[in-house]
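User: Could you walk me through some charged side chains and one of the sheets in this model? Short answers are fine.

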Amino acid sequence: MTTVKTGGAETAPPADKRPGPSATARTLRSVTGTRRVVAAAFLLPALVLLGALVVYPIVYSVYRSFLDQAGTGFVGLDNYKELFTDDTIRTAVKNNAIWVVFAPTVSTALGLIFAVLTERIRWGTAFKLIVFMPMAISMLAAGIIFRLVYEQAPERGVANAVAVGVHDTFAQSSGFPKAHPLPVHPLKAGGGGSFVTKETVRAGQPVSLPLVGVVPAKMPGDAQPAKVPDASGDGITGTAWLDFTKGGGGKPNVVDPKELGLKGITVEAVRDGKVVASATAGADGVFTLPASADGAQLRLPADNFREPYNGVDWLGPSLVTPGIIGSYVWMWAGFAMVLIAAGLAGLPRELLEAARVDGANEWQVFRRITVPMLAPVLAVVLVTLMINVLKIFDLVFIIAPGSSQDDANVLALQLYRSSFGTDADLGVGSAIAVLLLLLVIPVMLFNIRRIRKEGRR
């Protein structure tokens, strides 16, 4: 306080003369208040949208999860109990756990490998572009693509075309999978898919082995009209042919001019349960067995009629989930690669070079330096993908056929199935939505804590 001397005595100035707050302070307070009002005005629309599109649906879903199917009666935790007692929903929970464990891990691992390897090749940019390209495709389009890729028929499904090609390289399929004799033929079922002659064969008597059930278009391309061989020496001769005349006509058990030989079919002579001789029919169906076959029965082994290999049942109950995860990895490995490559570009190269100078090989540099230094980036990618797969819906809905959709079920798909349709139960659907929220929250909290920790460094 300032005092004023008056006649040797100090007195305080009047109250209205004391100095008050400076004009600068008042101006600052006014500006701050104005800025707060402007900030609130700008934030208000966002807060309204956030409340209408996020907060209200969450609150209402929690409330609705405690009501019955009609939404009029309170059922407590019954809807939540159904999540762990209904077999279909339990399958969805199990599949979601499989997705969370494998899909982000495999995608991140492949992204790391691609990012590291493309640094050492000249065409690395082109490779990154190719790997990242699936990210430009929508989930719907990717689902349609992989539904065709996993098609069971090898002529349509790429995956089974490759599988059949590799299989047939080492184990050629039979050319006559549906061939069989008629009751009037001299053949009968021999067990295990084979056929044997009803009578024993004798030298000097040509043997007839007619079959039907082979589509003419599926016959070997170099098959020739069947012939009846002449009896020669002590051996056994005969003809195996397709006893069917295209366009009609012909007689059973008789080689007609238009009927073709079963080229490549195997014929065995069996006596007392043991194979004593074997032969393969030529292009005209003629085969010859040695004299040791005299008095034996002839058998057409089951290998002649083995069904062709049609590949793997990718969309069957046992492989449908791994197959869909494969399509997800195809899409998101590029995303992981791009983020990891950006982190890799920021690593101090002098540390890597110093490790190499000290004698570390490339694997040691990768495992002990590159990966630990990329840990923050890897955590970002992994957490992002974990949140993403918890909500996976499109790929499962499109790729899994109706017969396998229950086996490929996930929580997001079950949420859709429980919430829409004639048998919809919004109480169960809301409980599933709340469960998904509870599963996502820990992952989000971990991500927020990690971001704050990084910000304090």
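**Charge pairs and a small sheet**

Analyst: Sure. This is a predicted model, and a good place to begin is the salt bridge where the side chains of Asp406 and Arg417 meet at 2.7 Å, N to O.

User: Which parts of the chain does the pair Asp406 and Arg417 tie together?

Analyst: Asp406 lies in the loop between helix H11 (394–399) and helix H12 (411–419), while Arg417 is in helix H12. The pair therefore ties together parts 11 residues apart in sequence. Put simply, what gets joined is the H11–H12 loop and helix H12.

User: Is Asp406 buried or exposed?

Analyst: Neither label fits, because buried needs under 20% and exposed over 50% relative accessible area. Asp406 has 38%, and its partner Arg417 has 30%. That makes Asp406 partly exposed.

User: How far apart in sequence are Arg90 and Asp87?

Analyst: Their side chains meet in a salt bridge at 2.6 Å, N to O. Both residues lie in helix H3 (residues 87–117), about one turn of the helix apart. In sequence, that spacing is 3 residues.

User: Which residues are linked with Glu353 in a network of salt bridges?

Analyst: Glu353 forms a salt bridge with Arg356, with the closest N and O atoms 3.0 Å apart. Those two sit about one helical turn from each other in helix H8 (residues 349–357). The network also takes in Glu362, so, with a salt bridge being a Lys or Arg nitrogen within 4 Å of an Asp or Glu carboxyl oxygen, the residues linked with Glu353 are Arg356 and Glu362.

User: What does the side chain of Asp243 make a polar contact with?

Analyst: Asp243 sits in the loop between strand E6 (236–242) and strand E7 (266–271). It is buried yet has no salt bridge, and the nearest side chain of opposite charge, Lys251, is 11 Å away. The Asp243 side chain does reach the backbone nitrogen of Asn253 at 2.8 Å. Its side-chain partner, at 2.9 Å, is His185.

User: Which strands stand at the edges of the sheet with E5, E6 and E9?

Analyst: The sheet is open, with 3 strands in the order E5-E6-E9 and mixed pairing. Two of the strands have a single partner each, so one side of each is left without a neighbour in the sheet. Those edge strands are E5 (207–211) and E9 (286–289).

User: And what is the bridge partner of Val207 in E6?

Analyst: E5 and E6 pair in the parallel sense, over 5 bridges. For Val207, the partner in E6 is Gly238.

Methods. Residues numbered from 1 in each chain as written. Predicted model: local features only at pLDDT ≥ 70, side-chain atom pairs only at ≥ 80, totals over all residues. Heavy atoms only, no water. Helix = DSSP H or I, 4+ residues; strand = E, 2+ residues; numbered from the N terminus. Buried < 20%, exposed > 50% of the residue type's maximum accessible area, 1.4 Å probe, protein only. Lys, Arg positive; Asp, Glu negative; His and termini not counted. Polar contact = N/O pair within 3.5 Å; in protein donor to acceptor, adjacent residues only side chain to side chain. Pairing = 2+ DSSP bridges.
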